[in-house]
Amino acid sequence: MKAIFCVPLIIICAATTEALAENPPWLELAGGVPNFVARMEKEREATVAFIGGSITQNAKGHNAMVPAWLRENWSDVDFTFINAGLSSTCSQSGAFRLDRDVLSKGDVDLLVVEFAVNDDQDAGHSQERAARGLEGIVRQYFAANPTGDMISVQFVNLSILDKLKAGDEAISVAAHKSVARHYQIPSVDVGLALSAEIESGRMSWKENYGGVHPNQEGYRFASDLIISVIEDTISGETPQVVSLRDPLDPAHYGNARLVDPQDVNWLGGWQWAPVSRQLLPTGGIRSDYEKFHALRSDEVGSYLYYSFQGSFLGAFVLAGPDAGVLEVSIDAGPWQPVDLFHRYSE
């Protein structure tokens, strides 16, 4: 369990350049990624980071195909690539772990963000919360990398695809697009592009694309869309400082950070241990979580105390079939139950 909190941050953010030539509706290029291209052209070195859920985590996915294209087409550039994909995580948890998993590793010239599927099916976020998560990532990224660039990519599941067939747009996709438009960040709607291919008979959902976790053909399809943003960008002479706009939502997660559970006061039968059968006796454990430590208690009356100034406190929870109920009190207010049992906990 990770105790986490955020405070609204009022600073600057928006990569604003003149819109490029007319493009299909699934590509909203805004100004492209001119700072990233200029960095490659002028400095011959660049760092690219990918953050998202398991779709990003897949080592053979777009975080492998896009770098392969970059190395082939910019062979004289010294690239560094960061894969910060983590299964079952959403844009909200992404905002809280961005510093630990991406920004702490140094300057990042291009950040590719994917969370629409997990915001939809894992978290079930409202449009408000999905937008706050991505906006938090945007603002933190540009605060740390004021001459960087960013691409928002909306991958697709069957629910998102069904909404498109009905002429509708999924809540998470609409939320992420609203943030991308506000900050003039390129946006790639994989689902909308795939829907057009399926309608034309050129592709199928399962056989060609592969389903919610794309196969190699599906990843190739999505990667080519991301690559087109870079290909269609007109380079600037030198990287320009990005001027951040006023927040879309004052309650965004732009100042979110993770708190080490060892900095929290414990009372009762808490265990602090690696994520393993010792800590989680029942249910499935994804191997990518075994590198973490976590807190567990199965005793009524085990307490955690944490003092903070801010508007939000949360917990990063591994919730298997034996997940319990937390009771939370803030500022000596009434105790409110929080059931940790998730619909995937079984």
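Does E207 count as buried, partly exposed or exposed, and at what relative accessibility? In this predicted model, local features need pLDDT of at least 70 and side-chain atom pairs count only at pLDDT 80 or more, whereas totals for chains, interfaces and linings use all residues. Residues are numbered from 1 along each chain as its sequence is written, and side-chain values use heavy atoms, with hydrogens and water left out.

E207 counts as exposed, because its relative accessibility is 65%; the term exposed denotes over 50% relative accessible area, buried under 20%, and partly exposed in between, with a 1.4 Å probe and protein chains only. E207 lies in helix 10 (residues 205-209), where helices (H or I, at least four residues) and strands (E, at least two) are DSSP runs numbered from the N terminus. With neighbours within four places in sequence left aside, E207 is in contact, meaning heavy atoms within 4.5 Å, with N215 and E217. Between E207 and K291, which are 84 residues apart in sequence, the C-alpha to C-alpha distance is 34 Å.

Six strands form an open sheet of mixed pairing, in the order 2-7-6-5-3-4, two strands being paired if DSSP finds at least two bridges between them. Strand 2 (27-28) and strand 4 (78-85) stand at the edges with a single partner strand each, so one side of each is left without a neighbour in the sheet. Strand 6 (residues 149-154) and strand 7 (residues 187-189) run parallel and are joined by three bridges; S152 has S187, in strand 7, as its bridge partner. Helix 1 (residues 34-43) packs on the sheet, where it touches strand 3 (45-52), strand 4, strand 5 (110-114) and strand 6, and its direction makes about 145° with that of strand 3. Helix 8 (residues 171-182) also packs on the sheet, touching strand 2, strand 6 and strand 7, with a direction at about 160° to that of strand 6; for these angles, axes are lines fitted to C-alpha atoms, for helices over the stretch in contact, and angles run from 0 to 180 degrees between N-to-C directions.

Two loop residues that are not glycines have a positive phi, A30 at about 50° and R44 at about 60°. A30 is placed in the loop between strand 2 and helix 1 and counts as buried because its relative accessibility is 14%, while R44, in the loop between helix 1 and strand 3, counts as partly exposed at 37%.

The largest nonpolar core, a set of buried Ala, Val, Leu, Ile, Met, Phe, Trp, Tyr and Cys residues joined through side-chain atoms within 4.5 Å, has 45 residues, and those with the most contacts inside it are F36, M40, L70, Y209 and I230. Helix 11 supplies the largest share of this core, eight residues. A second, separate core of 32 residues includes F115, A180, A256 and F312.

S223 is found in helix 11 (residues 216-231) and counts as buried because its relative accessibility is 0%. A polar atom of the S223 side chain lies 2.7 Å from the backbone oxygen of Y219, and, leaving aside neighbours within four places in sequence, S223 is in contact with H62, M65 and V66. In helix 6 (residues 127-144), 13 of the 18 residues are buried, so this helix is largely enclosed by the rest of the structure.

Note on methods:
A polar contact is a pair of N or O atoms within 3.5 Å; within protein, one must be able to donate a hydrogen and the other to accept it, and residues adjacent in sequence count only if both atoms are side-chain atoms.
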